[in-house]
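Thanks for coming. I will show one chain and then go through its sheet, its helices and a few single residues.

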Amino acid sequence: LLSRGRVRAHTLSESGMSDTPKTNLLGLTRTDMESFFADLGAKAFHGRNVLKWIHKHGVVDFDAMTDVPQKLRDLLKQRAEIGIPKISLTQPAGDGTTKWVLELEDGQHIETVYIPEENRSTICVSSQVGCALDCSFCSTAQQGFNRNLTAAEIIAQVWLATRELGRPPTNVVLMGMGEPLANFDNVVPAMELMQEDLAYMISKLRVTISTSGIVPALNRLAEVADVSLAVSLHAPDNALRDELVPINRKYPLEQLIPACKAYVAGDRRRKITWEYVMLDGVNDSIAHAKALIRLLEGVPSKVNLIPFNVFPGTAYKTSPAERVEVFRQRLKRAGIMAMTRKTRGDDIDAACGQLVGKVRDRSRRHLKRIPVVQEMRP
Ligand code: SAH
């Protein structure tokens with residue numbers, strides 16, 4: 001397989017005459033593809049055909065694209081490429097979950113997880129190499145941040161999964177490594193390709209973006225996309241959320257909650273999925289459940305309680321299952337749909353918050369201290 005991304009430096013084209021970098025077609029949406037072909041002096045429908053070859057049929061060799069005229073194929077070979085990252089490790093878990101470690105063109109690694117269920121197949125996709133947000137209970141945070149993924153590298157994860165599984169996944173969640181809304185310009189076209197009829201045809205209701213709550217980006221997202229929204233809440237008040245999800249200091253709950261409400265406004269099918277990691281003695285008391293009920297009053301909500309997945313070096317502990325259940329029942333009694341997320345793939349470190357890849361350069365971020373478990377709050 002090729003292993004070139006759109007980010008690579010100038011390369012000689014195959015003619016050896018030009019140093020124009022080749023465009024990686026993998027990350028181009030239908031409109032991008034049409035304008036790329038227009039720039040080549042070709043008809044737009046050839047661009048749509050190439051898009052279909054790549055994503056629907058998994059074909060990355062221009063010569064195998066039989067309905068593309070030979071002259072155009074030769075031009076494409078000079079000006080374009082289809083760079084797919086290499087799967088450097090396939091790790092199956094005991095429960096059917098599979099983790100793929102992908103090696104990117106610059107040697108960085110990211111992780112993609114496949115989660116089969118009875119009636120659906122979900123791919124959990126990464127959006128960045130590492131993460132800059134520093135959530136105290138997440139192991140990706142401990143790896144620091146290196147860079148954003150390109151649109152090609154994001155959709156490549158769906159491309160590879162489709163080839164590995166023999167069909168497109170039914171669901172995609174942007175819940176892997178990274179904060180998707182901190183990589184807005186690459187995540188949005190990648191999500192468009194997931195939904196594209198000429199590509200994976202995944203319904204907008206089955207593409208979910210998960211965010212720690214970057215409010216201005218969330219407002220922008222509402223204008224350009226219509227995918228499902230999951231928000232990493234984890235605490236019902238600012239004081240506790242400031243500690244667990246530090247971006248809360250910049251965009252506190254009184255900004256986040258109205259922005260989420262606005263995102264789903266006007267569509268009665270939509271609910272916000274609130275992710276709430278259950279940390280023993282930190283955020284899992286009845287008092288926290290009551291505060292959460294008050295916070296979500298009037299917001300179309302579904303709460304996903306996530307048992308904390310431990311990783312080396314963390315001081316947090318998983319809440320006992322009984323306490324999670326008491327918390328859940330409390331929410332249910334208040335009329336809030338609440339489920340406990342089944343932990344999947346934890347034996348291969350593929351569960352939420354366990355994805356680490358290998359971040360090569362951590363120098364852009366301070367080294368992480370081990371979190372101190374906070375006293376329970378009333
Ligand atoms: N940055 C995005 C998406 C990545 S994480 C976000 O914050 O939403 C997907 C979910 O896993 C988030 O809700 C995250 O808070 C949660 N998570 C992180 N570390 C975890 C851990 N150790 N155990 C359980 N869930 C965790």
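Which residue in β13 does Val277 stand opposite? The partner of Val277 is Ile306 in β13. Before the rest, the ground rules. This is a predicted model, in which local features need pLDDT of at least 70 and side-chain atom pairs count only at pLDDT 80 or more, while totals for chains, interfaces and linings use all residues. Residues are numbered from 1 along each chain as its sequence is written, and side-chain values use heavy atoms, with hydrogens and water left out.

The overall counts come next. The protein chain has 11 helices and 14 strands; these are DSSP runs numbered from the N terminus, helices being H or I with at least four residues and strands E with at least two. Of its 378 residues, 56% count as buried. Buried here is under 20% relative accessible area, exposed is over 50%, and partly exposed is in between, with a 1.4 Å probe and protein chains only. Among contacts in the protein chain with a separation of 6 or more, 67% are between residues 24 or more positions apart. A contact is heavy atoms within 4.5 Å.

Now the sheet. It is open, has 10 strands and mixed pairing, and its order is β3-β4-β5-β6-β9-β10-β11-β12-β13-β14. Strands β3 (86-92) and β14 (337-340) are at the edges with a single partner strand each, so one side of each has no neighbour in the sheet. From one strand to the next, the twist averages 20°. Two strands pair if DSSP finds at least two bridges between them. Strand β12, residues 272-278, runs parallel to strand β13, residues 301-307, and 7 bridges join them. Helix α9, residues 253-264, lies across β11 (228-232) and β12, at about 140° to β12. For such angles, axes are lines fitted to C-alpha atoms, for helices over the stretch in contact, and the angle between N-to-C directions runs from 0 to 180 degrees.

At the β3 edge, β3 pairs with strand β4, residues 98-103, in the antiparallel sense over 6 bridges. Pro92 is opposite Thr98 in β4. The two strands β3 and β4 make a hairpin with 5 residues between them, and Gly96 in the turn has a positive phi of about 95°. Thr97 is also in the loop between β3 and β4. Is Thr97 buried or exposed? Thr97 counts as buried, at 1% relative accessibility. Leaving aside neighbours within four places in sequence, the contacts of Thr97 include Val113, Tyr114, Ile115, Arg344 and Ile348. Thr97 and Ile115 are 18 residues apart in sequence, with their C-alpha atoms 4.8 Å apart.

On to helix packing. Two packed helices are described by the angle between their axes and the distance between the axes. For helix α5 (residues 151-165) and helix α6 (residues 184-195), the angle is about 35° and the axes are 8 Å apart. The crossing of α5 past α6 is right-handed, meaning that the near helix is turned clockwise from the far one by less than a right angle, and anticlockwise would be left-handed. From α5, Ala151, Ile154, Ile155 and Val158 meet Asn186, Val187, Pro189, Ala190, Leu193 and Met194 of α6. By class, that contact has 9 nonpolar, 1 polar and no charged residues. Nonpolar covers Ala, Val, Leu, Ile, Met, Phe, Trp, Tyr, Cys and Pro, charged covers Asp, Glu, Lys and Arg, and polar covers the others, Gly among them.

In helix α3, residues 70-79, Leu72, Arg73 and Leu76 are buried. They cover an arc of only 105° around the axis, which puts them on the same side of α3; the arc is that of the directions from the helix axis to the C-beta atoms. The buried residues of α3 pack against α1 (30-39), α2 (44-55) and β2 (80-81).

Last, some single residues. Met201, in the loop between α6 and β10 (207-211), is not a glycine but has a positive phi near 55°. Met201 is exposed, with a relative accessible area of 52%. His234 is in the loop between β11 and α8 (238-244), and its phi is positive too, about 70°, although it is not a glycine. His234 is buried, at 4% relative accessible area. Ala351, in the segment after β14, is buried at 5%. Ala351 and Asn309 are 42 residues apart in sequence and 6.9 Å apart in space, C-alpha to C-alpha.
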